[in-house]
Amino acid sequence: MKNKKVTLVPLTSDDREQFILDNQWAFRYGALMEFGERDNHIDKEGEIISRKTIEGCIDDPQSETYRIVADGKKVGGVILKINKETNHNQLEILFTSPEEHSKGIGYGAWQAVESMHPETKIWETCTPYFEKRNIHFYVNKCGFQIDAFWGQYFQPDKPMIDDKDRREDEGPDEMFRFIKVMP
């Protein structure tokens, strides 16, 4: 069932813990599918994205955090960082439950995000290099362009959200950055 109608519902404090756990599962699932049970992309707690990173995104004063809801069921989440002065906004996190992949939910959520913020001039996001589903999604479905590849030979000129707090064992350290210039 592709292109389900989805809605974005503001995150409530009583759902915060489950949102974090669902987010970590979605990212861990992608890493496990690509690399197996254990490798250097998963931190010592077994996560690809740390609780601290997720909480930092949620708690940022410029952030808006939503649950993705389809058919009355929570099936993912979105965290946006909105700059009302420049309208250069960031998609910090978008995830759908692995059980809901390939049903049009992520795309429906992205369409809802764009509708909520028509003032946006540029959207920016990033994803780990091994997340082929994400790369396809952002480029082929949502109209983003790959702007940079961060890795050993090229580091971003501004640190990623959690770089200053990132533990050495937390990965990934290779990311694609995407931008979407709005008409």
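**Exercise 1. Find how many salt bridges the whole structure holds, and work through some of the pairs.**

*Step 1.* Start with the count: a search of the whole structure finds eleven salt bridges, a salt bridge being a side-chain nitrogen of Lys or Arg within 4 Å of a carboxyl oxygen of Asp or Glu. Side chains of opposite charge can pair when their charged atoms come close.

*Step 2.* Before going on, keep in mind that this is a predicted model, in which local features need pLDDT of at least 70, side-chain atom pairs count only at pLDDT 80 or more, and totals for chains, interfaces and linings use all residues. Residues are numbered from 1 along each chain as its sequence is written, and side-chain values use heavy atoms, with hydrogens and water left out.

*Step 3.* Take E114 and K180, whose closest N and O atoms are 2.5 Å apart in their salt bridge. E114 lies in helix α3 and K180 in strand β7, so this pair ties together parts that are 66 residues apart in sequence. Helices (H or I, at least four residues) and strands (E, at least two) are DSSP runs, numbered from the N terminus. Both E114 and K180 are buried; buried means under 20% relative accessible area, exposed over 50%, and partly exposed in between (1.4 Å probe, protein chains only).

*Step 4.* Now look at D147 and R177, which form a salt bridge at 2.1 Å, N to O. This pair links distant parts of the chain, with D147 in strand β6 and R177 in strand β7, 30 residues apart. D147 is partly exposed at a relative accessible area of 37%, while R177 counts as buried at 16% relative accessibility.

*Step 5.* K103 and E100 give another salt bridge, at 3.2 Å from N to O. Here K103 is partly exposed, with 24% relative accessibility, and E100 is buried, with 8%.

*Step 6.* Finish with a network: salt bridges link D15, D22, R67 and K74.

**Exercise 2. Work out which residues of helix α4 are buried, and what covers them.**

*Step 1.* Go along α4, residues 132–141, and pick out its buried residues: I135, F137 and Y138.

*Step 2.* Look down the helix axis. The buried residues of α4 fall within an arc of 165°, so they line one face of the helix; the arc is that of the directions from the helix axis to the C-beta atoms.

*Step 3.* Turn to the face directed away from the buried side, and you will meet the exposed residues K132 and N140.

*Step 4.* Find the cover. It includes β4 (88–96), α3 (105–116), β5 (122–128), β6 (145–150) and β7 (175–181).

*Step 5.* Leave the helix: α4 is followed by G143, whose phi is positive, near 85°.

**Exercise 3. Describe the nonpolar cores and place I20 in the picture.**

*Step 1.* Begin with the largest nonpolar core, which has 25 residues. A nonpolar core is a set of buried Ala, Val, Leu, Ile, Met, Phe, Trp, Tyr and Cys residues joined through side-chain atoms within 4.5 Å. The members that touch the most others are L8, I68, V78, L80, W110 and W123.

*Step 2.* List the contributors. Two or more residues of this core come from each of β1 (6–10), β2 (63–70), β3 (73–81), β4, α3, α4 and β7. The most come from α3, which gives five.

*Step 3.* Another core, of 14 residues, lies apart from the largest one, and its members include L11, I20, A26 and I58.

*Step 4.* Zoom in on I20, found in helix α1 (residues 16–35) and buried at 0% relative accessibility. Leaving aside residues up to four places away in sequence, I20 touches R51, I54, E55 and I58, where contact means heavy atoms within 4.5 Å. I20 and I58 are 38 residues apart in sequence, with their C-alpha atoms 9.6 Å apart.

**Exercise 4. Sum up the protein chain and its confidence.**

*Step 1.* Count the elements: the protein chain has four helices and seven strands, in the order β-α-α-β-β-β-α-β-α-β-β.

*Step 2.* Check burial: of the 183 residues, 51% are buried.

*Step 3.* Read the confidence. The mean pLDDT is 84, and 78% of the residues reach 70 or more; pLDDT is the predictor's confidence in each residue, from 0 to 100.

*Step 4.* Note the weak spots. The pLDDT is below 50 over residues 38–44, and also below 50 over residues 160–171.
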